[in-house]
Amino acid sequence: MKKTIIFSLFAIFSLSIFAQDIDEEVQLSNRFGKADRLMVDVYNDFWLGTPDSANFSKFNRGASVSLMKDFPFGETNFSFAVGLGIGMHNAYNDCNMYRDSNAVTYFVPIKNEYKMNKIGLSFVDLPIELRFKTKRDNVFRIAIGGKIGYMMNNHVKYSDATTKVKTFKIENINPLRYGVTARIGYKMFNLYAYYGLSTLFKDKKGPEMTPVSVGISFIPF
């Protein structure tokens, strides 16, 4: 069901993007190059503000997919873009999470041997960008912007030699996230960065953790 809803959102948004007049698309392509409509980001999350009691991995894979609409500023190389996306983040660590008498989340190290323990997060995002692109098909581009997102899912996934457990709806997780983004690259390959300005947990309900994502963007057309 969840996959169906996500697919439907993207299908509706895709139709709104691509249902353009043919002559307008041709003029835009000739004048401004490709519109950078589909963006796929693959990155590693570095978590800042983690508690001293917990050991968080430096390798936390994540990914996002966005569909964007480009609005050129006249005849210049600059444009504004807005879109819709889905972003996924992970935080591998060696702790269980508990809440104290004030309902504040804290971390306690796992004492037994285990194979995996992670926090998984997914968001539906509204990304925006201010872009500079050269006026040719094999474009060089620089973009700065940001995104704000609402959480679709959060869970803890744990496994050891005999047990696999997936727990959903973690208490005190902040449902909103926002931060700044940047990308620079040539043709379809670009460097990508995201700096989170919101914390993983609600205000004063847990450690002030926030992600910094660094990776590569693929822009096929």
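## From strand order to side-chain contacts

Followed along its sequence, the protein shows the pattern α-α-β-β-β-β-β-β-β-β-β-β-β. That order comprises two helices and eleven strands. The model discussed here is predicted. Of the 221 residues of the protein, 43% count as buried. The protein exposes about 12,400 Å², and carbon and sulfur atoms supply 63% of that area. Among the contacts with a separation of 6 or more, 68% are accounted for by residues 24 or more positions apart.

The strand pairings may be taken in sequence order. Strand E1 (residues 38-48) pairs with strand E2 (residues 61-72) in the antiparallel sense, over seven bridges. In this pairing, Val42 stands opposite Ala63 in E2. E2 in turn pairs with E3, again in the antiparallel sense, over ten bridges. Here Met68 has Gly83 of E3 as its bridge partner. The hairpin of E2 and E3 has five residues between the strands, and Gly74 in that hairpin takes a positive phi near 60°.

The next turn to consider follows E3. Asn93 is found in the loop between strand E3 (78-92) and strand E4 (95-99). Is this residue buried or exposed? Asn93 has a relative accessible area of 5%, and because the limit for burial is under 20%, Asn93 counts as buried. A polar atom of the Asn93 side chain lies 3.0 Å from the backbone nitrogen of Cys95. Leaving aside residues up to four places away in sequence, Asn93 touches Asn55, Phe56, Phe107, Tyr114, Asn117, Lys118 and Ile119.

Two of those contacts, Phe56 and Phe107, lead to the aromatic side chains. Phe56, Phe107 and Phe201 form one aromatic cluster. The structure has seven aromatic pairs. One of the pairs joins Tyr98 and Tyr106, whose ring centres are 6.1 Å apart and whose planes meet at 35°, so the pair is classed as tilted. The reasoning rests on two cut-offs: planes under 30 degrees apart would count as stacked, and planes over 60 as edge-to-face. Both tyrosines are partly exposed: Tyr98 has a relative accessible area of 39%, and Tyr106 has one of 38%.

Aromatic rings also meet charged side chains in this model. Lys69 lies over the face of Phe71, at 5.9 Å from the ring centre. Arg177 lies over the face of Phe123, at 4.3 Å from the ring centre.

Further along the sequence, strand E7 (residues 140-159) and E9 pair in the antiparallel sense over eleven bridges. Within this pairing, Tyr150 stands opposite Leu176 in E9. E9 is also joined to E10 by eight bridges, and these two strands run antiparallel. Val180 has Tyr195 of E10 as its bridge partner.

The loops on either side of E9 each hold a residue with a positive phi. Asn172 lies in the loop between strand E8 (164-168) and strand E9 (176-186). Its phi is positive, at about 75°, although Asn172 is not a glycine. Asn172 is buried, with a relative accessible area of 11%. After E9, Lys187 lies in the loop between E9 and strand E10 (189-196). Lys187 likewise is not a glycine, yet has a positive phi of about 60°. This residue belongs to the hairpin of E9 and E10, which has two residues between the strands. Lys187 is partly exposed, with a relative accessible area of 39%.

Beyond E10, Ser198 is found in the loop between E10 and strand E11 (210-218). Which backbone nitrogen does the side chain of Ser198 reach? The side chain of Ser198 reaches the backbone nitrogen of Tyr178, at 3.0 Å. Ser198 counts as buried, at 5% relative accessibility. Not counting residues up to four places away in sequence, Ser198 touches Asn174, Leu176, Arg177, Tyr178, Met209 and Thr210. Two of these residues have already appeared: Leu176 is the residue opposite Tyr150, and Arg177 is the residue over the face of Phe123.

Asn93 and Ser198 may finally be set side by side. The side chain of Asn93 has a polar atom 3.0 Å from the backbone nitrogen of Cys95, and the side chain of Ser198 reaches the backbone nitrogen of Tyr178 at 3.0 Å. Asn93 lies between E3 and E4, whereas Ser198 lies between E10 and E11.

Terms used: Residues numbered from 1 in each chain as written. Predicted model: local features only at pLDDT ≥ 70, side-chain atom pairs only at ≥ 80, totals over all residues. Heavy atoms only, no water. Phe/Tyr/Trp six-rings, centres within 6.5 Å; stacked < 30°, edge-to-face > 60°. Buried < 20%, exposed > 50% of the residue type's maximum accessible area, 1.4 Å probe, protein only. Lys NZ or Arg CZ within 6 Å of the ring centre and 35° of its normal. Helix = DSSP H or I, 4+ residues; strand = E, 2+ residues; numbered from the N terminus. Polar contact = N/O pair within 3.5 Å; in protein donor to acceptor, adjacent residues only side chain to side chain. Contact = heavy atoms within 4.5 Å. Areas by Shrake-Rupley, 256 points an atom, 1.4 Å probe, with all protein chains shown as cover. Pairing = 2+ DSSP bridges.
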